[in-house]
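This report looks at how side chains pack inside one protein chain. Please keep the sequence and the model in view while reading.

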Amino acid sequence: MNEKLLLKYTGAAPRYTSYPTAPHFGPQVNCDIYARWLGELRDDATISLYLHIPYCDRLCWFCACHTKQTLRYDPITTYLVALKAEIAAVAARVSKAARVTAIHWGGGSPTMLKPEDMIGLMDCLRQAFTIASDAEISVEMDPNDLDEARYDALAAIGLTRASLGVQDFDPTVQKAINRIQTFEQTRSVVEAVRARGVQSVNCDVLYGLPHQTLASLERTVSDIISLDPDRIALFGYAHVPWMKKHQTMIPDAALPDVRQRFAQMARASEMLIAEGYEAIGIDHFAKPADALAVAARTGTLRRNFQGYTDDAADALIGMGASSIGQLPQGYVQNMPATGEYQRAVEAGGLAAVRGIELSDDDRLRADVIERIMCDFGFDFRSLRERFGDIAEAVVAEAGHYARHNLDGICLADDDGFHLTEAGKPFARSVAAVFDRYLDTGVGRHSIAV
């Protein structure tokens, strides 16, 4: 571990799951604009759908998602009425010839839904949209919610990828984050979905958690490997109690420091690569035959609000409270507050309250940042072919940064710009440099963390 690099390049930087980042979204994109954008999608467009279920039966203290705890099912029933109404309103504005190639249910805890509601929600989608026969259908799953009837319902909706949040199996860590989930529970979920024909399993692991040690994380990673998942996401815990008040339940003193976090990340990565997983971007790992690994090798890996993806759809349409959509024209976000979301849908069918329309500068920056995050660099010729004269500003900035970079984290030549092995862990910080200093001369949005 190079401590100089670690201390210099681990400052706050955007996650870059979009560009411009969400803090730049504003009220200039409303329901009328969103309706127009939906109507402008090509008849032959491919579409990815994201459905947000903002409820959990317990609140994990590490969580930074838009969700709320409920021990009653009535609010979920009411919410599903609004969600189905939004599905109908969106579908009415999109050509029936457009094909849905991916569907993801996130939360919250989508597996809180009753079996009949899972099936009913998917039936609603199938009636509203044209869904490709080979569409990927993925669901975020909480092992504490699941039973045989729910497993059967997930099979009935055509689940193709199960996504399980694990975090850490150590009991001390689990108590500190209010997420009690045993290895045996998790293994039973993997076995149950595979027995019902689900071909792909994804597991999320966190480092940087309270009371987490290198030894406890090693045990968790070993247990995860024993489940033989197809993909593993290795995320660093983001402690933002000023944004998520429930994180105040986690004492700062219990958190690993920056050196310990880096050591945890490095050790977990080392273990996964030793087991044959391929490193994908800054925080994902996949088996060599997995579509995500193939996309990384062929230069088609993408990054959106769900992280790294091989999803090549023309548009990502988010539905449900707080959901974010990514369309060719720009980004749009629904009302985050559940009650206000429901009232907005009841009033007009759509619930968009903020977003941003992309400029030429935004598109160029988005492409450069995505390639840094996905490929750890970019090709100058390809950039010039796509963006013309304004690409020259990127070429100049890349050369300037590489020449004046004394830390050996990046290089530039006549063909392109790339990060060295030492620089790859700091891809977000390098992307932020281009975001902050690049001047294309056609206007820009300021960096926001």
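The sections below treat the nonpolar cores, the aromatic pairs, a charge over a ring, and the cysteines.

## Nonpolar cores

In this predicted model, the largest nonpolar core has 130 residues, and those with the most contacts inside it are Trp105, Leu125 and Phe129. Helix α3 provides the largest share of this core, namely nine residues. Apart from this core lies another one, of ten residues, which includes Cys63, Val173, Leu209 and Ile250.

For Phe129, when its neighbours within four places in sequence are left aside, the contacts are with Leu49, Ile87, Val90, Ala91, Lys96, Val100 and Met319.

## Aromatic pairs

The structure holds twelve aromatic pairs. One of them joins Tyr79 and Tyr341 in a tilted arrangement, with 5.6 Å from centre to centre and 40 degrees between the planes. This pair links distant parts of the chain, since Tyr79 belongs to helix α3 (residues 74-91) and Tyr341 to helix α11 (residues 338-348), with the two tyrosines 262 residues apart. Both Tyr79 and Tyr341 are buried.

Phe378 and Phe380 also form a tilted aromatic pair, whose centres are 6.0 Å apart and whose planes make an angle of 55 degrees. Phe378 has a relative accessible area of 8% and is therefore buried, the cut-off being under 20%, and Phe380, at 3% relative accessibility, counts as buried as well. Ring pairs link these two phenylalanines with Tyr401, Phe417 and Phe434 into a cluster.

## A charge over a ring

Which residue lies over the face of Tyr308? It is Arg303, placed at 4.6 Å from the ring centre.

## Cysteines

The structure holds zero disulfides. Cys60 is in no disulfide, and the cysteine sulfur nearest to its own, that of Cys56, is 6.5 Å away. With a relative accessibility of 9%, Cys60 counts as buried.

Why is Cys65 in no disulfide? The nearest cysteine sulfur, that of Cys63, is 3.7 Å away, and because a disulfide requires the two sulfur atoms to be within 2.5 Å, Cys65 and Cys63 do not qualify as such a pair. Cys65 has a relative accessible area of 35% and is partly exposed, whereas Cys63 is among the residues of the ten-residue core described above.

How values were computed: Residues numbered from 1 in each chain as written. Predicted model: local features only at pLDDT ≥ 70, side-chain atom pairs only at ≥ 80, totals over all residues. Heavy atoms only, no water. Phe/Tyr/Trp six-rings, centres within 6.5 Å; stacked < 30°, edge-to-face > 60°. Helix = DSSP H or I, 4+ residues; strand = E, 2+ residues; numbered from the N terminus. Buried < 20%, exposed > 50% of the residue type's maximum accessible area, 1.4 Å probe, protein only. Lys NZ or Arg CZ within 6 Å of the ring centre and 35° of its normal. Core = buried A, V, L, I, M, F, W, Y, C linked by side-chain atoms within 4.5 Å. Contact = heavy atoms within 4.5 Å.
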